[in-house]
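Thank you all for making the time this morning. I would like to walk through one chain with you, going from particular ring contacts to the overall picture, so please have the sequence and the structure open as I speak.

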Amino acid sequence: AAGETADLLLRRVDSFAEDLSSLLSADSGEAFAWGERRGGSIVLHRTPLEVSPLLEEGLWREVRPVLVTSATLSVSRDLSYFRRRIGLGSVDAAGLIVDNEFDFERNALVYVPRGIPDPADESFAEAAGRETVEVLRASGGGALVLCTSYRTLGALVGALREGISVPLLVQGEGPRAHLLRDFREDRDAVLVGTGTFWEGIDVPGESLRCVVIDKLPFAPPNDPVVTARIQALRESGKDPFLEYQVPEAVLALRQGVGRLLRRGDDFGVVVLLDRRVLTRGYGEIFRENLPAMPWTRDRSEVAGFFRRFGIRREQAREES
């Protein structure tokens with residue numbers, strides 16, 4: 001029995017050594033290895049630098065119809081970035097961009113607070129918390145607060161627990177499905193989350209009348225996948241900021257803003273707590289990729305927006 005156990009352990013060690021060797025010997029031009037700590041364990045990964053060659057070889061060359069669709073594939077009404085990323089650069093594929101069907105011009109507003117510190121400033125988190133509290137007092141809740149980091153999430157949650165009285169739902173304090181169910185059912189609840197809540201959420205009606213976004217959603221520079229792809233682009237003589245980081249952040253921002261209007265009678269305010277969208281040159285790219293809607297830096301206009309729709313709802317009840 002002892003011999004059998006030893007043989008089993010040796011086979012497992014050999015298998016692990018073979019897997020580890022394969023992982024670490026990945027061609028640096030095609031894939032890279034990285035690891036992360038999960039509790040008391042270390043998990044090793046091998047990630048391709050680009051998925052385009054794999055998709056081009058394994059999917060697009062097959063003779064079959066393929067339909068790729070999403071609300072956030074284009075950047076500045078151009079599908080070139082997406083096509084390159086998935087290996088369609090040299091493939092004859094038709095593209096179609098359809099205009100948004102919702103009336104953002106009348107039913108939505110973007111608010112960038114005047115005087116908000118730069119996200120790199122140490123005072124940003126505290127200021128963002130104060131601003132979020134004031135906006136949600138005006139909206140009466142009904143808000144999805146999207147954060148780009150757990151650090152900012154913690155700061156905003158702390159401010160909201162002290163500053164508002166509506167139900168507060170926080171990522172990590174319950175299963176995602178349960179948080180979304182409670183958010184849909186409570187008209188005035190506030191849901192705070194990070195990456196997983198930026199997309200795939202469909203909450204039509206007044207339960208979601210405000211989307212608060214802490215920062216332009218650039219991927220964290222210490223992410224090993226982001227770091228490797230930035231390095232590869234630099235080595236090939238390309239500008240990783242304009243050719244990779246900005247387009248990815250634009251698509252992520254569009255995903256977040258897309259949570260707001262989900263049906264024809266929806267309305268709401270997008271609160272972007274990042275002044276760089278107005279003060280940096282690249283901010284124009286983000287602005288032109290959002291639906292056409294009014295922008296303001298005056299918080300009183302946010303309160304007026306919600307009052308306007310509140311009066312409209314009361315009139316509708318009287319008429320009915």
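Let me begin with a definition: the rings of Phe, Tyr and Trp, taking the six-membered ring for Trp, are paired when their centres lie within 6.5 Å, and a pair is called stacked when the planes are under 30 degrees apart. By this rule the count comes to 8 aromatic pairs. One of them joins F218 and F241, a stacked pair with 5.6 Å from centre to centre and 25° between the planes. F218 belongs to the loop between strand 7 (210-213) and helix 8 (224-235), whereas F241 belongs to helix 9, so this pair ties together parts that are 23 residues apart in sequence. I should say at this point that what you are looking at is a predicted model, and please keep that in mind throughout.

How buried or exposed is F241? It is partly exposed, because its relative accessible area is 28%, and the limits for that class are 20% and 50%. A second pair brings together F267 and F309, whose ring centres are 4.4 Å apart and whose planes meet at 10°, so this pair is stacked. Here too distant parts of the chain are linked, since F267 is in the loop between helix 9 and strand 8 and F309 is in helix 12 (residues 299-319), 42 residues apart. Both F267 and F309 are buried.

Returning to F218 and F241, these two rings are also joined with Y282 and F286 through ring pairs, and the four residues make up a cluster. There is also a ring that meets a charge: the charged end of R176 sits over the ring of F197, at 5.1 Å from the ring centre.

Let me turn to the loop that holds F267, which is the one between helix 9 and strand 8. D266 is in that loop too, between helix 9 (240-257) and strand 8 (268-272). Is D266 buried or exposed? With a relative accessibility of 2%, D266 counts as buried, because the limit for that class is under 20%. Leaving aside residues up to four places away in sequence, D266 touches N107, P204, G205, L260 and L261.

Another buried position is L169, which is part of strand 5 (residues 168-170) and has a relative accessibility of 11%. Which residues does L169 touch, if we again set aside those up to four places away in sequence? They are L179, D182, F183, A189, V190, L191 and V192. By way of a distance, the C-alpha atoms of L169 and L216 are separated by 23 Å, with these positions 47 residues apart along the chain.

Now for some positions with higher values of accessibility. F16, in helix 1 (residues 2-24), counts as exposed at 55% relative accessibility, and its C-alpha is 48 Å from that of L290, a residue 274 positions away in sequence. G39, in the loop between strand 1 (31-38) and strand 2 (41-48), is likewise exposed, at 65%. The C-alpha atoms of G39 and V135, which are 96 residues apart along the chain, are separated by 38 Å.

The backbone deserves a moment as well, and I would point you to S76 and R77. Phi of S76 is near 55°, a positive value in a residue other than glycine, and phi of R77 is also near 55°. S76 is placed in the loop between helix 2 (52-60) and helix 3 (80-85), where R77 lies too. S76 is partly exposed, with a relative accessible area of 32%, whereas R77 is exposed, with 55%.

Finally, let me step back to the whole chain. It has 12 helices and 9 strands, and its C-alpha atoms fill a box of roughly 80 × 55 × 40 Å along the principal axes. Of the 320 residues, 42% are buried. If we take the contacts with a separation of 6 or more, 68% of them are between residues 24 or more positions apart. The chain exposes about 18,000 Å², of which carbon and sulfur atoms supply 49%. As for charge, there are 41 positive and 49 negative charges, and their mean positions are 3 Å apart.

Notes
Residues numbered from 1 in each chain as written. Predicted model: local features only at pLDDT ≥ 70, side-chain atom pairs only at ≥ 80, totals over all residues. Heavy atoms only, no water. Helix = DSSP H or I, 4+ residues; strand = E, 2+ residues; numbered from the N terminus. Buried < 20%, exposed > 50% of the residue type's maximum accessible area, 1.4 Å probe, protein only. Contact = heavy atoms within 4.5 Å. Phe/Tyr/Trp six-rings, centres within 6.5 Å; stacked < 30°, edge-to-face > 60°. Lys NZ or Arg CZ within 6 Å of the ring centre and 35° of its normal. Areas by Shrake-Rupley, 256 points an atom, 1.4 Å probe, with all protein chains shown as cover. Lys, Arg positive; Asp, Glu negative; His and termini not counted. Charge placed at Lys NZ, Arg CZ, Asp CG, Glu CD.
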